[in-house]
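Grab a pencil and work through a few exercises on the structure shown below. Try each task yourself before you read its solution.

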Amino acid sequence: MTKKERYAEVAQEIAATIEGEGNLIARMATVSNILHHAFDHYFWTGFYLVDPEKPAELVIGPYQGTLGCLRIPFSKGVCGACATRRETIIVPDVHEFPGHIACDSRSESEIVVPVLDQAGRLIAVFDVDSDRKNQFDEDDRAGLERILADAFSR
C-alpha cells in the first residue's frame, strides 16, 4: 500500500471513530493516537493548542510519544512558524531549521500543519516528528491537511 492510500484509509477510520463526538480534546486525542500508530515513520505525534490566555503561545495538547515541550511561543521553532504563517511546514532535517526547538534530541525531521476551526481561526498546530531524516513529503502534507480539515474545520 502506498503512503497516499494509507492516508486515505486512515482518514476513513478517523472519520468513523470521531463521528458525533463534539469534544475537541477527545477528537484531538483520537486523531493523534490513530495517526501515530498508522505510520512507522511517526516518532512523536500531537497537537499544540493556541492558549486563549496567551494567544501568541502554544500549549501542549493530546499527543503520542515521548515528553513534548509544554509551551512554544509563536516566535520559536517549527510549530511557532507554522502558527504564525498558518501554513504547513515540512522540515527534512530539523538541525537545518533556524530556531528549531529540540523537545526530544532524537527528532530528525518534522511536519507541522495548522489546525483551523469552522470559522477559519487557528486553534492548534499538529506536529509530527520522525527519528529519521527526510521522512515527510507532499503525500504527508496532503493526507494530514485533509484529515485535519475533515476533523476540525467542517
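## Exercise 1: A loop residue and its contacts

Leaving out residues up to four places away in sequence, D137 touches K3 and I90. Keep in mind as you go that this is a predicted model.

**Task.** Find where D137 lies, and decide whether D137 is buried, partly exposed or exposed.

**Solution.**
- Step 1: place the residue. D137 sits in the loop between β6 and α4.
- Step 2: check its accessibility. The relative value is 32%, so D137 counts as partly exposed.
- Step 3: look across the structure. C69 is 68 residues from D137 along the chain, and the C-alpha atoms of the two are separated by 24 Å.

## Exercise 2: Three helix pairs

Here's the general idea: two packed helices are described by the angle between their axes and the distance between the axes.

**Task.** Work out how α1 and α4 run relative to each other: parallel or antiparallel?

**Solution.**
- Step 1: get the geometry. Helix α1 (residues 3–18) packs with α4 at an angle of about 15 degrees, and their axes are 10 Å apart.
- Step 2: apply the cut-off. Angles under 35 degrees count as roughly parallel, so α1 and α4 are roughly parallel to each other.
- Step 3: add the handedness. α1 and α4 make a right-handed crossing.
- Step 4: list who meets whom. On the α1 side you'll find K3, K4, Y7, A8, V10, A11, I14 and I18, and they meet D139, D140, G143, L144, R146, I147 and A151 in α4.
- Step 5: sort by class. This contact of α1 with α4 has nine nonpolar residues, one polar and five charged.

**Task.** Now do the same for α2 and α4: what is their angle, and which residues make the contact?

**Solution.**
- Step 1: helix α2 (residues 24–38) and helix α4 (residues 138–152) pack at about 155 degrees, their axes 11 Å apart.
- Step 2: angles over 145 degrees count as roughly antiparallel, and therefore α2 and α4 are roughly antiparallel to each other.
- Step 3: their crossing is right-handed.
- Step 4: α2 brings L24, R27, M28, V31 and L35 to the contact, while α4 brings L144, I147, L148, D150, A151 and F152.
- Step 5: sorted by class, the contact of α2 with α4 has nine nonpolar residues, no polar ones and two charged.

**Task.** One pair to go: how do α1 and α2 cross?

**Solution.**
- Step 1: the axes of α1 and α2 come within 10 Å and cross at roughly 150 degrees.
- Step 2: the two helices are therefore roughly antiparallel to each other.
- Step 3: α1 passes α2 in a right-handed crossing.
- Step 4: from α1, the contact takes R6, Y7, V10, E13, I14, T17 and I18; from α2, it takes R27, T30, V31, I34, L35 and A38.
- Step 5: that contact of α1 with α2 divides into eight nonpolar, two polar and three charged residues.

## Exercise 3: Strand neighbours

**Task.** Say whether E57 is buried or exposed, then list its contacts beyond four places in sequence.

**Solution.**
- Step 1: E57 belongs to strand β2 (residues 54–64).
- Step 2: its relative accessibility is 16%, so E57 counts as buried.
- Step 3: setting aside residues up to four places away, E57 touches L49, V50, D51, R71, I72, P73 and F74.
- Step 4: follow one of these partners. V50 is in strand β1 (residues 44–51), and beyond four places in sequence V50 contacts P55, E57, L58, F74, L122, I123 and A124.

## Exercise 4: Two cysteines

**Task.** Explain why C79 and C82 don't form a bond.

**Solution.**
- Step 1: the sulfur closest to that of C79 is in C82, 7.1 Å away, which is too far for a bond.
- Step 2: the limit for a disulfide is 2.5 Å, and the structure holds zero disulfides.
- Step 3: check the surroundings. C79 counts as buried at 4% relative accessibility, and C82 counts as buried at 0%.

## Exercise 5: Positive phi

Most residues other than glycine have a negative phi.

**Task.** Take R86 and N134: which loop holds each of them?

**Solution.**
- Step 1: R86, not a glycine, has a positive phi of about 55 degrees. R86 is in the loop between α3 (77–85) and β4 (89–91).
- Step 2: phi of N134 is also positive, near 55 degrees. N134 is in the loop between β6 (122–130) and α4.
- Step 3: R86 is partly exposed at 47% relative accessible area, whereas N134 is exposed at 56%.

Definitions and conventions
Residues numbered from 1 in each chain as written. Predicted model: local features only at pLDDT ≥ 70, side-chain atom pairs only at ≥ 80, totals over all residues. Heavy atoms only, no water. Axes fitted to C-alpha atoms, helices over the stretch in contact; angles between N-to-C directions. Helix = DSSP H or I, 4+ residues; strand = E, 2+ residues; numbered from the N terminus. Parallel < 35°, antiparallel > 145°, perpendicular 65-115°, else oblique. Left-handed = near helix turned anticlockwise from the far one by under 90°. Contact = heavy atoms within 4.5 Å. Nonpolar A, V, L, I, M, F, W, Y, C, P; charged D, E, K, R; others polar. Buried < 20%, exposed > 50% of the residue type's maximum accessible area, 1.4 Å probe, protein only.
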